[in-house]
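Colleague: I'm new to this one, and I'd like a close look at a single part rather than a tour of everything. Could you pick a spot in the core and walk me through what surrounds it?

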Amino acid sequence: MKDKTAIIIGAGPAGLTAAIELQRNSAIKPILIEASQQVGGISRTIRYKGNRMDIGGHRFFSKSDRVMRWWLELMPVESGTSPEGELRYQGQQRDLPAATGAHDPQAEDLVMLIRQRKSRIYFLRRFFDYPISLTAATFRNLGLVRTFRCGVSYLRSALLPQREERSLEDFIINRFGKQLYLTFFKSYTEKVWGVPCHEISAEWGAQRIKGLSLTGVVTHFLKKTFVRGRSGDIAQKTTETSLIEKFLYPKLGPGQLWEHAAGLVRKGGGEIHFGVQIDRIHVVGNKVVSVEGRDEAGKRVTYAGDYFFSTMPIRDLVRDLSTPAPAEVVEVAEGLMYRDFITVGLLASRLAVTEKDGSPLKDNWIYIQEPDVVVGRLQIFNNWSPWLVGTPGKVWVGLEYFCNDTDPLWKLSDEEMSRLAIAEIAKIGILKAEDVEDFHVVRVPKTYPAYFGSYDRFDVIRNYLDGFENLFLVGRNGMHKYNNQDHSMLTAMTAVENIVKGVTTKDNIWAINTEMEYHEEK
Ligand SMILES: Cc1cc2nc3c(=O)[nH]c(=O)nc-3n(C[C@H](O)[C@H](O)[C@H](O)COP(=O)(O)OP(=O)(O)OC[C@H]3O[C@@H](n4cnc5c(N)ncnc54)[C@H](O)[C@@H]3O)c2cc1C
């Protein structure tokens with residue numbers, strides 16, 4: 001009998017996970033087709049003159065033990081830094097398997113670091129804790145008048161909430177009051193999505209920031225202040241530890257794990273073809289029979305197989321079907337929207353701001369809430385992993401711009417884009433223009449599948465594409481879902497399991513990440 005093959009479109013986290021899981025659990029040979037020259041997709045590591053960039057900053061943390069084990073099987077955790085053997089993140093806790101052997105990042109590369117999260121909001125040219133906390137520093141930074149206004153507007157919302165929450169704006173104001181909404185939410189959220197908060201559905205708020213409210217923040221503050229004080233040292237220790245958030249991070253950035261995964265796929269007999277953009281999906285009846293694309297030499301290439309996994313954007317997939325989809329499916333697919341992303345790496349001799357004690361800033365990333373600049377977020381790559389910085393003693397930061405690929409911003413040349421980035425970071429006082437020594441601009445299309453446009457009719461597409469029995473939509477853009485790496489991986493793992501066990505429903509793949517508890521909060 002002829003060996004079976006699975007054609008996998010895209011060598012990002014979902015595609016590579018599918019390949020490894022097929023090799024581990026079946027005799028099906030994986031063949032990955034990747035449009036770019038690199039594995040890792042959005043989770044790749046970008047190299048520039050010995051420096052490395054991470055798009056968006058990828059924390060490796062999952063509520064799924066299966067994913068945590070999978071990552072650590074591929075890349076062992078560094079030894080010696082986590083005596084308590086556990087990670088905490090966004091209220092979730094994970095035990096780590098005991099480190100086997102010594103894995104010293106000074107001596108070897110294939111090591112998962114344990115990093116402590118620090119991120120703050122930059123507003124009014126000052127730093128605020130993220131998530132917002134009620135501390136003396138917060139009140140000092142806000143000033144008396146603004147603090148008073150926040151209190152009054154919160155009370156107004158608490159006593160007279162808007163009955164019908166129609167938009168994200170209503171949702172946040174009802175929970176925090178108008179003044180806090182204007183101070184900490186509006187500008188950044190609108191930078192990310194490019195639409196006013198009153199045009200974003202309230203449901204999005206319910207999914208993304210459910211459980212957050214000023215009442216929660218106040219309760220946390222009161223507990224910290226009074227309960228801790230009364231219960232002595234042990235409770236104090238517990239409280240403080242629970243506030244420390246840690247995550248895993250590959251020494252050389254997220255792409256290092258996926259490059260290693262790609263090596264394993266090849267070693268196991270799988271294939272990875274780079275530089276081939278799939279633009280035709282050949283279907284016969286309710287089956288996909290082959291996919292076709294153009295390679296870098298301009299030659300048309302076709303890959304036939306028994307199973308097909310797609311991580312390519314759904315809008316493109318529907319456009320590329322050899323038999324056109326019904327008009328309604330095409331209409332909904334064409335209405336799907338995306339948000340694109342530009343990151344500008346700046347190499348500098350120093351930052352213009354420091355921690356209070358004069359030491360370098362410790363943040364992994366900083367939300368830029370200032371409305372007078374377009375930049376949305378700042379990554380300090382040194383604090384993700386010191387090994388992302390090629391030249392010791394330099395600061396390597398990433399300025400992130402959220403935009404649409406139709407915006408004038410997207411079309412700026414690298415020189416123009418870097419000039420804008422340098423001018424903006426200097427304007428808000430974080431870095432002096434004369435301290436910048438080099439830059440690197442990266443444009444990443446379709447980083448965010450949007451939950452507006454035709455998304456509320458997404459089931460029309462899902463029902464149609466689920467009808468192709470050997471086609472498995474997995475990953476982030478592959479499912480048009482706000483999936484993190486772990487969700488993307490779990491969709492691939494579940495699809496492989498279905499194939500191996502002969503399960504025909506795809507509901508269990510779609511069910512992953514529906515409760516939306518842990519997200520990249522961006
Ligand atoms: C700003 C930002 C921050 C994030 N932070 C985190 C985080 O902290 N933690 C976390 O776990 N996750 C995070 N994520 C999510 C994570 O990046 C994604 O979940 C993950 O990369 C999705 O994997 P994927 O394989 O589905 O898709 P992708 O990573 O998008 O990979 C898809 C691959 O398919 C290829 N491809 C597309 N179309 C075609 C085609 N037609 N033909 C051939 N190849 C094609 C692409 O080139 C790409 O390599 C973040 C994402 C963003 C945007």
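**Around Ala18**

Modeller: Let's start with Ala18. Leaving out residues up to four places away in sequence, Ala18 touches Ile8, Pro30, Phe309, Val474, Ala492, Ala495 and Val496. Keep in mind that this is a predicted model.

Two of those partners come up again when you look at the core. The largest nonpolar core holds 120 residues, and Ala18, Phe309 and Val474 are the ones with the most contacts inside it. For the setting, the chain has 522 residues, of which 40% count as buried. Its secondary structure comes to 17 helices and 21 strands. Among contacts in the chain with a separation of 6 or more, 72% are between residues 24 or more positions apart.

Now the elements around our spot. Helix 1 (13–25) and helix 16 (485–501) each supply at least two residues of the shell around the ligand, and so do strand 2 (29–34), strand 12 (277–284) and strand 20 (436–453). That shell is worth a short detour. There are 37 residues around the ligand, and Gly10, Gly12, Gly41, Gly56 and Gly475 come nearest. Sorted by class, the shell has eleven nonpolar, 19 polar and seven charged residues.

Back to helix 16. Why call helix 16 largely enclosed by the rest of the structure? Because 13 of its 17 residues are buried. Helix 16 reaches 24 Å from its first C-alpha to its last, close to the 24 Å expected at 1.5 Å a residue. Just after helix 16 comes Gly502, with a positive phi of about 75°.

For another buried spot, try Val375, in the loop between strand 17 (365–368) and strand 18 (377–380). Val375 counts as buried because 22 other C-beta atoms lie within 10 Å. Beyond its neighbours within four places in sequence, Val375 is in contact with Ile368, Leu399, Glu400, Tyr401, Ala421, Glu424 and Ile425. Take Ile425: Val375 and Ile425 are 50 residues apart in sequence, yet 8.2 Å apart in space, C-alpha to C-alpha.

One last thing, on confidence. The chain averages a pLDDT of 88, and 86% of the residues score at least 70. Residues 228–243 stay under 50, and the model has six contacts for them beyond four places in sequence. Residues 516–522 are also below 50, with 13 contacts in the model beyond near neighbours in sequence. Where pLDDT is low, the predicted coordinates shouldn't be read in detail.

Definitions and conventions
Residues numbered from 1 in each chain as written. Predicted model: local features only at pLDDT ≥ 70, side-chain atom pairs only at ≥ 80, totals over all residues. Near = placed C-beta within 6 Å. Helix = DSSP H or I, 4+ residues; strand = E, 2+ residues; numbered from the N terminus. Nonpolar A, V, L, I, M, F, W, Y, C, P; charged D, E, K, R; others polar. Buried ≥ 20, exposed ≤ 12 C-beta atoms within 10 Å, placed from the backbone. Contact = placed C-beta atoms within 7 Å. Core = buried A, V, L, I, M, F, W, Y, C linked by C-beta atoms within 7 Å. pLDDT = per-residue confidence, 0-100. Expected span 1.5 Å × (residues − 1).
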